[in-house]
Amino acid sequence: MWDKLERAVTPKTRLVALGAASNALGTVSPVRQAARLAHSQGAFCFVNAVHYAAHLPIDVAAMECDFLVCSPYKFYGPHAGVLFGRAEIMASLDVPKLFPAPNEIPDRFETGTQNHEGIAGSCAAVKFLASLAPGATQRERLVAAMSGLHARGNELFARLWKGVSAIEGITCYGPPPERPRTPTLAFSVAGIPSDKVAEALAADGLFVSHGNFYASNVVERLGQTRDGLVRAGCACYTTESEIERLIASLQRIVSPLRASRTRSGPSPG
């Protein structure tokens with residue numbers, strides 16, 4: 001895949017946009033290498049870190065990206081948009097703005113009253129995460145907390161992957177636990193639509209996502225456009241017992257669901 005990206009990025013390329021991590025498969029992208037590739041051809045690098053921000057600390061200097069976006073709703077905050085842009089680039093861009101708005105960054109990008117309640121809620125989410133670990137500064141505490149949560153999530157995910165992938169008829173997608181990834185598992189049950197699996201899990205008090213999660217290209221490439229994928233992940237409040245409950249519930253419900261599906265026959269495509 002990297003070879004394809006290298007061939008695609010040429011001196012005509014203006015912007016290389018990529019996701020830091022996949023919200024469907026949990027894969028983590030080589031952002032720094034992509035940024036350096038973009039810069040080598042005179043292009044900017046834009047990073048979608050919406051899923052990444054929920055699981056790993058962000059360091060835009062280390063990533064060497066020019067722009068990065070995320071949303072606090074992924075890390076226990078409100079629905080709001082966050083944009084990082086390198087100051088020299090943001091100052092040079094020709095953007096439409098209201099005449100009374102200042103011409104200095106970042107105000108030149110604001111078109112009216114800011115989302116003050118969203119900003120306050122976003123700050124509270126960051127402070128909450130930083131409060132989970134010690135450190136001399138908020139940044140140190142935040143990095144320690146996110147790193148610790150990621151390590152904990154990886155431990156839980158390893159058990160989740162092992163347990164779910166061992167169930168007959170279930171296919172797990174994305175890199176295995178020993179590879180760089182987030183603790184997010186996508187899987188399918190042979191011949192059963194993802195919404196039916198989610199409904200059965202909900203009856204057991206387990207709530208998962210289903211469908212394509214806006215990652216329609218990935219789901220299409222996996223051949224799951226019709227039935228979709230089921231998605232479960234680990235957050236800061238996830239426990240070992242919840243992982244075991246999910247595995248046990250899937251073991252209990254998959255066989256009856258498959259048997260029912262076999263008796264009723266396949267649904268129309």
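**Helix 6 and the two cores**

Me: How do you know that helix 6 (residues 138-165) has the span a helix should have?
Reply: The expected span is 1.5 Å times one less than the number of residues. For the 28 residues of helix 6 that gives 40 Å, and the end C-alpha atoms are 39 Å apart, so the two agree. Helices here are DSSP runs of H or I, at least four residues, and strands are E runs of at least two, numbered from the N terminus.

By the way, this is a predicted model, so local features need pLDDT of at least 70 and side-chain atom pairs 80 or more, while totals for chains, interfaces and linings use all residues. Residues are numbered from 1 along each chain as its sequence is written, and side-chain values use heavy atoms, without hydrogens and water.

Me: Which residues of helix 6 are buried?
Reply: Among them are Leu142, Met146, Phe157, Trp161 and Val164. Buried means under 20% relative accessible area with a 1.4 Å probe, protein chains only.

Me: What makes the largest nonpolar core a core?
Reply: A nonpolar core is a set of buried Ala, Val, Leu, Ile, Met, Phe, Trp, Tyr and Cys residues joined through side-chain atoms within 4.5 Å. The largest has 27 residues, and Val164, Ile170 and Leu250 are among those with the most contacts inside it. Helix 9 (240-264) is one of the elements supplying at least two residues; its six are the largest share. Another core, of 19 residues, lies apart from it and includes Leu18 and Met63.

Me: What does Leu201 touch?
Reply: Contact means heavy atoms within 4.5 Å. Leaving out residues up to four places away in sequence, Leu201 touches Leu206, Val208, Leu246, Ser249, Leu250 and Ile253.

Notes:
Buried < 20%, exposed > 50% of the residue type's maximum accessible area, 1.4 Å probe, protein only.
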